[in-house]
Amino acid sequence: GIVPLIAETGGLNAMIIDSTALPEQVVSDVVTSAFRSAGQRCSALRLLVLQEDVADRILDMLKGAMDALVVGDPLDIRADVGPVIDEPARDKLEAYRQSVKARWLHTIATPANGLFVAPTIIELDRIEDLKQEWFGPILHVARWKAGALDDTIGRVNASGFGLTMGLHSRIAGASERVRQLAKAGNLYVNRTMIGAVVGSQPFGGEGLSGTGPKAGGPHYVTRFATERVTTIDTT
């Protein structure tokens, strides 16, 4: 028969940081979300949006955390970041990195041999400058002004992708505002953006990032069923 299509695609997954966020927690969660698994997770962080009041401090801390990462064979327990999936993926990511080299904020060394892509931070002038997903350990950074949270969320939404979004803030009202406005299947507040547990954290996207019910959600299994009705004349 015709198989129902339930698709989960990637996204321009953004994490928004305001001036009340705890910098140490932000840095830890950014490193995990952007660089673990070599950035090869559909939910991985692609765009870090920092409130300009705290951007420089957080970026300095993030650079230091990146310098502590070990890129290498994942069979080595000391390795933090492994290789990407294959040679075409490596070549595509590396070609992009080199094309925007003037905008690098930070990168680290990788082994000379293997399918490794160096974790890299790339600075953007505007949120809108990120137009496609780069499926690897590449993090883009943009800044937003205090008081412009609604506008910032709208600009992220305008990409048309809607898989994951993150927020770091100690203001409950900010969390609620993002929850109301974000067009993303999963919103992560004050935590990493990867590692959803199917069943307890249903996962899926909207817009260009997914179709159908969430994996692990209450409507997932019924989507694979065909509803049939039998009517008997009882008159």
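Which strand does T164 lie in? I opened my notebook with that, and I begin with the kind of model. The model is predicted.

**Entry 1: T164**

I looked up T164 and found it in strand β7, residues 164–168. Next I asked: is T164 buried or exposed? Its relative accessible area is 4%. Buried means under 20%, so T164 is buried.

Then I checked what the side chain of T164 reaches. A polar contact joins it to the side chain of N13, at 3.2 Å. The side chain of T164 also reaches the backbone oxygen of S43, at 3.2 Å.

I then listed the contacts of T164, leaving aside neighbours within four places in sequence. N13 and S43 are on that list. A14, A184, N186, Y188, M193 and F203 are there too.

**Entry 2: the whole protein**

I stepped back to the full chain. How many helices and strands does the protein have? I noted 5 helices and 9 strands. Read along the sequence, the pattern is β-α-β-α-α-β-β-β-α-β-β-α-β-β.

I looked up the extent next. The C-alpha trace spans about 80 × 45 × 30 Å along its principal axes. The protein has 235 residues, and 42% of them are buried. Its accessible surface comes to about 12200 Å². Carbon and sulfur atoms hold 54% of that surface.

I also looked at contacts with a separation of 6 or more. Residues 24 or more positions apart account for 67% of them.

Charges came last in this entry. I noted 24 positive and 27 negative side chains. The centres of the two sets lie 1 Å apart.

**Entry 3: strand β5 and its partners**

I turned to strand β5, residues 138–144. It is mostly covered: of its 7 residues, 6 are buried.

Which way do β2 and β5 run relative to each other? Strand β2, residues 47–51, runs parallel to β5, and 5 bridges join the two. In this pairing I found L50 opposite R143 of β5.

Strand β4, residues 120–123, also pairs with β5. The sense is parallel, over 4 bridges. Here E123 stands opposite V141 of β5.

**Entry 4: I138**

I picked one residue of strand β5, I138. How accessible is I138? Its relative accessibility is 0%, so I138 counts as buried.

I looked for what touches I138, not counting residues up to four places away in sequence. I wrote down L45, R46, L93, Y96, R97, T120 and I122. T120 caught my eye, so I looked up its distance as well. The C-alpha atoms of I138 and T120 are separated by 5.0 Å. Along the chain, I138 and T120 are 18 residues apart.

**Entry 5: two positive phi angles**

I looked at backbone angles next. Most residues other than glycine have a negative phi. I noted two residues with a positive value.

The first entry here is S37, with phi near 60 degrees. S37 is not a glycine. Where does S37 lie? It sits in the loop between α1 (23–35) and β2. S37 has a relative accessible area of 36%, so it is partly exposed.

Then I looked up N190. Its phi is near 55 degrees, again positive in a residue other than glycine. N190 has its place in the loop between β8 (186–189) and β9 (206–207). At 29% relative accessibility, N190 counts as partly exposed.

**Entry 6: T32**

My last stop was T32, in helix α1. Its relative accessible area is 22%. Buried would need a value under 20%, so T32 is partly exposed.

What does the side chain of T32 reach? It reaches the backbone oxygen of S28, at 3.1 Å. Leaving aside neighbours within four places in sequence, I found T32 in contact with T192 and I194.

I also looked up the distance from T32 to L167. The C-alpha atoms of T32 and L167 are separated by 15 Å. Along the chain, T32 and L167 are 135 residues apart.

Definitions and conventions:
Residues are numbered from 1 along each chain as its sequence is written. This is a predicted model: local features need pLDDT of at least 70, side-chain atom pairs count only at pLDDT 80 or more; totals for chains, interfaces and linings use all residues. Side-chain values use heavy atoms; hydrogens and water are left out. Buried means under 20% relative accessible area, exposed over 50%, partly exposed in between (1.4 Å probe, protein chains only). Two strands pair if DSSP finds at least two bridges between them. Contact means heavy atoms within 4.5 Å. Accessible areas come from the Shrake-Rupley method with a 1.4 Å probe; for residues, only the protein chains shown count as cover. Lys and Arg count as positive and Asp and Glu as negative; His and the chain ends are not counted. The place of a charge is taken as NZ of Lys, CZ of Arg, CG of Asp or CD of Glu. A polar contact is a pair of N or O atoms within 3.5 Å; within protein, one must be able to donate a hydrogen and the other to accept it, and residues adjacent in sequence count only if both atoms are side-chain atoms.
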